[in-house]
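Let's take a walk through this structure together, going from one helix pair to the next and stopping at a few residues on the way. Keep the 3D view open as you read.

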Amino acid sequence: MEQLSQWLWKQEYWLPPGICWEDMEKMEGSRRPLPRDLLLALPLALGFIMFRYAFERCVAFPLSRVLGVKDQVRLKVAPVPTLEAFYTKNSRQPTQSEISSLVYQCNLTHRQVQSWFRHRRNLDRPSNSKKFCEASWRFVFYLLAFTAGLVSLISTSWFWDQTECWRGFPQQPVQDAHYWYYMLELGFYCSLLLSVSVDVKRKDFKEQIVHHFATIFLLGFSYCSNYIRIGTLVMLVHDSSDFLLESAKMFNYAGWKRTCDALFVVFAAVFLLTRLVVFPSKIIYTTLVLSMEVFEPFVGYYFFNALLLLLQALHMYWAYLILRMIYKFLFLGKLDKDERSDVESEPEEEENEEEEDRSSWRKRKVVLDSRLAMLSSSCVLNNLTNQKADVNRRLPKAR
């Protein structure tokens, strides 16, 4: 264990050439970054989870009723133990061969089994109230984090000139405000990772998991290596657009379509500007190019920049989804879905599938009724024609 610790904390991994841990201990200032400070993230994460639970019950849920959030009424399924066991243990979406086997076991029709699974999946889908509460919690945190981060950074030299991030690096004292900014952000993302099993699973669920892990590793490593100045700028850039997205979701669940569309347009503009312009030109360029004017590349340099490039790849993926939504908004005149992250992994088309079946059945019924009407009318006409012919044949004899 001791050998593993010595290997993990080799100064060649964490510090640039010519700097050792003893030099970091001689740093002047009120606070210097210590790896053991990261242990504070776990109790903070648990505190965030408990505070979130209270916030959603006492604030977010009543607010959802005030804004008019409505939950869809979903049909209950008949209790079928065999289907329920398959649903919970095997798969929520059985294949055609599995459905055929279940039809034989349950003595049901193929259509009844499909309908049962469709209704059962709809029962497990999160309600609008749950999604509203989750979005409102993230909105509050991102808004407070962005405001606090902007207030603490706007008076610093590296906020306006990113080359100041490397002046005296890595022997840079950490201000208390930036220390708590780091710890709270790290605790919040740890809480998101711990509660991922109960949160709404969205279309980009895997990308969100990668994003959370990359963010946690980025915050932890940058704190230990004293990349804190550039790290605070990374957090500020991300928080600047996230609270706009969450507010747009809130109004979307409440049915305020115009407000949602307006907020989404503002969010898209801020997201594309900060993530595709500011982040690569100011943050990545600073860490990848300008930092080499101060120190030679080392292991931590490559690792830190690899995480930043991974985040940028995720930004490009989300920007593609957002641009698709903008295209739909411009040419269709509305925002049907949040292509970025508001579409659950369970397709919403399932609810419409039954409606389509009903509409198709109605169409078939109309066609059938029209054909029956035509058939009956033709039969009536034939009878009238036959009767007229009989009358005409009888008229000469009567005369």
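What follows is a short tour of some helices, loops and a cavity in this model.

Please bear in mind that the model is predicted. A good place to set out is the loop between α9 (157-160) and α10, where you will find P170. The peptide bond that joins F169 and P170 is cis, with omega at about 0°. If you have the backbone displayed, the bond between F169 and P170 is worth a moment of your time.

From there, move on to the loop between α10 and α11, which holds V200. Is V200 buried or exposed? Its relative accessibility is 8%, and because buried means under 20%, V200 counts as buried. V200 also has a partner far off in sequence: P126 is 74 residues away along the chain, yet the C-alpha atoms of V200 and P126 are 6.7 Å apart in space.

Next comes a pair of packed helices. In general, two packed helices are described by the angle between their axes and the distance between the axes. For α11 and α12, the angle is about 150° and the axes are 9 Å apart. Angles over 145 degrees count as roughly antiparallel, so α11 and α12 are roughly antiparallel to each other. The crossing in which α11 passes α12 is left-handed.

Between α11 and α12 there is a loop, and N226 sits in it. What is the phi of N226? It is near 65°, a positive value in a residue other than glycine. N226 is also buried, since its relative accessible area is 2% and the limit for buried is under 20%.

Now follow α12 (residues 228-254) to its contact with α13. The axes of α12 and α13 come within 8 Å and cross at roughly 165°. That angle makes α12 roughly antiparallel to α13. Here, too, the crossing is left-handed as α12 passes α13. Which kinds of residue make up the contact of α12 with α13? They divide into 18 nonpolar, nine polar and three charged.

A residue to pick out in α13 (residues 257-288) is F264. With a relative accessible area of 5%, F264 is buried. The C-alpha atom of F264 is separated by 6.6 Å from that of L245, although F264 and L245 are 19 residues apart along the chain.

With these helices in view, you can turn to the empty spaces. How many cavities of 30 Å³ or more does a search of the whole structure find? It finds four. Let us look into the second largest cavity, which has a volume of about 140 Å³. It is lined by 15 residues, and T215, L218, L219, V234 and M235 are the closest to its centre. The elements that give two or more residues to this lining are α10 (176-194), α11 (205-224), α12 and α14 (299-332). As for character, the lining of the second largest cavity divides into eight nonpolar, five polar and two charged residues.

The last stop is in helix α14, the place of Y302. Is Y302 buried or exposed? Its relative accessibility is 54%, and because exposed means over 50%, Y302 counts as exposed. Y302 and T287 are 15 residues apart in sequence, and the distance from C-alpha to C-alpha is 9.8 Å.

To look back over the tour: α12 is roughly antiparallel to α13, and α11 and α12 are roughly antiparallel to each other. Of the residues visited, F264 is buried, N226 is buried and V200 counts as buried, whereas Y302 counts as exposed.

How values were computed. Residues numbered from 1 in each chain as written. Predicted model: local features only at pLDDT ≥ 70, side-chain atom pairs only at ≥ 80, totals over all residues. Heavy atoms only, no water. Helix = DSSP H or I, 4+ residues; strand = E, 2+ residues; numbered from the N terminus. Buried < 20%, exposed > 50% of the residue type's maximum accessible area, 1.4 Å probe, protein only. Axes fitted to C-alpha atoms, helices over the stretch in contact; angles between N-to-C directions. Parallel < 35°, antiparallel > 145°, perpendicular 65-115°, else oblique. Left-handed = near helix turned anticlockwise from the far one by under 90°. Nonpolar A, V, L, I, M, F, W, Y, C, P; charged D, E, K, R; others polar. 1 Å grid on protein atoms, 1.4 Å probe; cavity = no way out; pocket = protein on both sides within 12 Å on 5 of 7 lines; lining within 4 Å. Points joined across faces, edges and corners; volume = space filled by probe spheres on them.
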